Structure formats: C-alpha cells, structure tokens
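Work through these exercises with the structure open. Each task comes with a stepwise solution.

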Amino acid sequence: MSSNEVPSREIARRVFAEEFNDASYTFKESDDERAPVYLLLPSGEKANRVFLVGTLTEKEDVGEDNEYWRGRIVDPTGTFFVYAGQYQPEAASALRDLEPPAYVSVVGKPRTYETDDGSVNVSVRPESISVVDAETRDRWVVETAQRTVERIERFDEEGNEYGRMAREEYDLPIDRYKTAAVSALQSLEEAGGDELGGSEESDSEDADTDTDTDADAASPEPNA
C-alpha cells in the first residue's frame, strides 16, 4: 500500500454478545503501522468492525475531566458494553441524548483490555449509534443467528485459517454459539413483539455491514 492510499473500511461483522465477550485474541495481518487490528471470533472469523442491535438498558458518563459515556446494550444472549468520548463525538452525543430503554443499532470497533487479574475484557468503540425499531432488532437477531451458524459450519473446513487460529487460541466448544443462536431465535417467538411497548422510527442500517451475504468471510477484501 502506498503512503497516499487510504484503507477501505472493513465489513462490520454480526456477532452475538455471548461470542463477542468470549473473544480475547487480537492480531494484525501486516507489519504496516496502519494495518487493521482484528479481533478473532471463537467461531472462526476475524472482525475489525462489528454490527450489533439490542436494547440500551443503561448509560453513564464515567469520564473525569471530559465526557466519556458507557452504554450497556443487551441482546438475547448477553451484554455488550460500548464506550464513547471526545474522539467519537457523534456516538457520545447519541448516548448523551438517548433515554433507556431503547432499541439501538451500533457499528463500531472491538477493543480489548487486560484487567488487574490478568483476564481480557472486550468492548465496542462505536462509530455510530442509531435508534431502531423492534422489527429491525428482530431482523438483526435472525440474520446474526444465520451468520453464526454459517461460521460454525465452515469452522473445520480445510483452508479456513481463522478456524485454525480459533482452535489454537481458544479452548471453547463452538457448539455453544449455535445453541445461543437457536435460543436467540426462540426468544423472539416467546417475546411475540416489542417488549418496550412502543415503536421507534428506524434509521437505515450501515452500508458496510454484512447485511446480504457473509461470502466476505471467505475473502479478506474489505467493503468499500
């Protein structure tokens, strides 16, 4: 890559909270300073960006000298934590203005950090946060379940280098993520609609998410 080239944005992967929170290994595929940092998902996929939809249940300004917002977003499998401050002004403004509970979609970058006891936690640094409706949330659950199952089905295929990396880096039974996906789908049937009791207007989904196909998983080519 020449010094004048600007890297294209990576596809934002759909992933449930249970799998996302189990991820801890990050890597680069190039020695270039500007090379993207990837989070290795336990189901055998790399993620430089993620796309999630869930219920914002809590928000808090945890900053000291400057605003630094933490949001707690829940999907049917667990909880995502997102953090936005002065370097993510649009996302920070969204968190400041939102009143939980609310359905939101988030596109952002995974960030890992080591705790005092040596374990690794993962969170999301949001690029955008948008209010969505129950239908958008439900559609995300269905499509994320599909992507998860597809990754698991490819996990042991010959030539799947991210599946191989996941086997080496994580000692986790990947069937748990298929179980989580099925449970997420069942939760939609049991809920039977909008548990917030109201409908919010939906903003359009980010054009760089893997909305239509996960064929990009087989190719490192980013989405322009």
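**Exercise 1. Examine the salt bridge between R13 and E45.**

Solution. Step 1: R13 pairs with E45, and their closest N and O atoms are 3.8 Å apart. A salt bridge here is a side-chain nitrogen of Lys or Arg within 4 Å of a carboxyl oxygen of Asp or Glu.
Step 2: R13 sits in strand β1 (residues 12-14) and E45 in strand β4 (residues 45-47), so the pair ties together parts 32 residues apart in sequence. Helices (H or I, at least four residues) and strands (E, at least two) are DSSP runs, numbered from the N terminus.
Step 3: R13 is buried, at 5% relative accessible area. E45 is buried too, at 2%. Buried means under 20% relative accessible area, exposed over 50%, and partly exposed in between, with a 1.4 Å probe and protein chains only.

A note on the source: this is a predicted model, where local features need pLDDT of at least 70, side-chain atom pairs count only at pLDDT 80 or more, and totals for chains, interfaces and linings use all residues. Residues are numbered from 1 along each chain as its sequence is written, and side-chain values use heavy atoms, with hydrogens and water left out.

**Exercise 2. Place E19 and R151, and state whether each is buried or exposed.**

Solution. Step 1: E19 forms a salt bridge with R151, with closest N and O atoms 3.2 Å apart.
Step 2: E19 is in helix α1 (residues 17-22) and R151 in helix α3, so this pair links distant parts of the chain, 132 residues apart.
Step 3: E19 is buried, with a relative accessible area of 2%. R151 is buried, with 1%.

**Exercise 3. Which accessibility class does E29 fall in, and which does K46?**

Solution. Step 1: the side chains of E29 and K46 meet in a salt bridge at 3.0 Å, N to O.
Step 2: E29 lies in the loop between β2 (26-28) and β3 (37-41), and K46 in strand β4, so the pair ties together parts 17 residues apart in sequence.
Step 3: E29 is partly exposed at 41% relative accessibility. K46 is buried at 3%.

**Exercise 4. How many salt bridges does a search of the whole structure find?**

Solution. Step 1: the search returns 13.
Step 2: E18, D22 and R176 are linked in a network of salt bridges.

**Exercise 5. Find the side chain of opposite charge nearest to D133.**

Solution. Step 1: D133 is in the loop between β9 (120-131) and α3 (134-154).
Step 2: D133 is buried yet has no salt bridge. The nearest side chain of opposite charge is R139, 6.0 Å away. Lys and Arg count as positive, Asp and Glu as negative; His and the chain ends are not counted.
Step 3: the D133 side chain makes a polar contact with the side chain of T136, at 2.8 Å. A polar contact is a pair of N or O atoms within 3.5 Å; within protein, one must be able to donate a hydrogen and the other to accept it, and residues adjacent in sequence count only if both atoms are side-chain atoms.

**Exercise 6. Compare the settings of L95 and V142.**

Solution. Step 1: L95 is in helix α2 (residues 89-97) and is buried, at 1% relative accessible area.
Step 2: the C-alpha atoms of L95 and I129 are separated by 7.8 Å, with their positions 34 residues apart along the chain.
Step 3: V142 lies in helix α3 and is partly exposed, at 42%.
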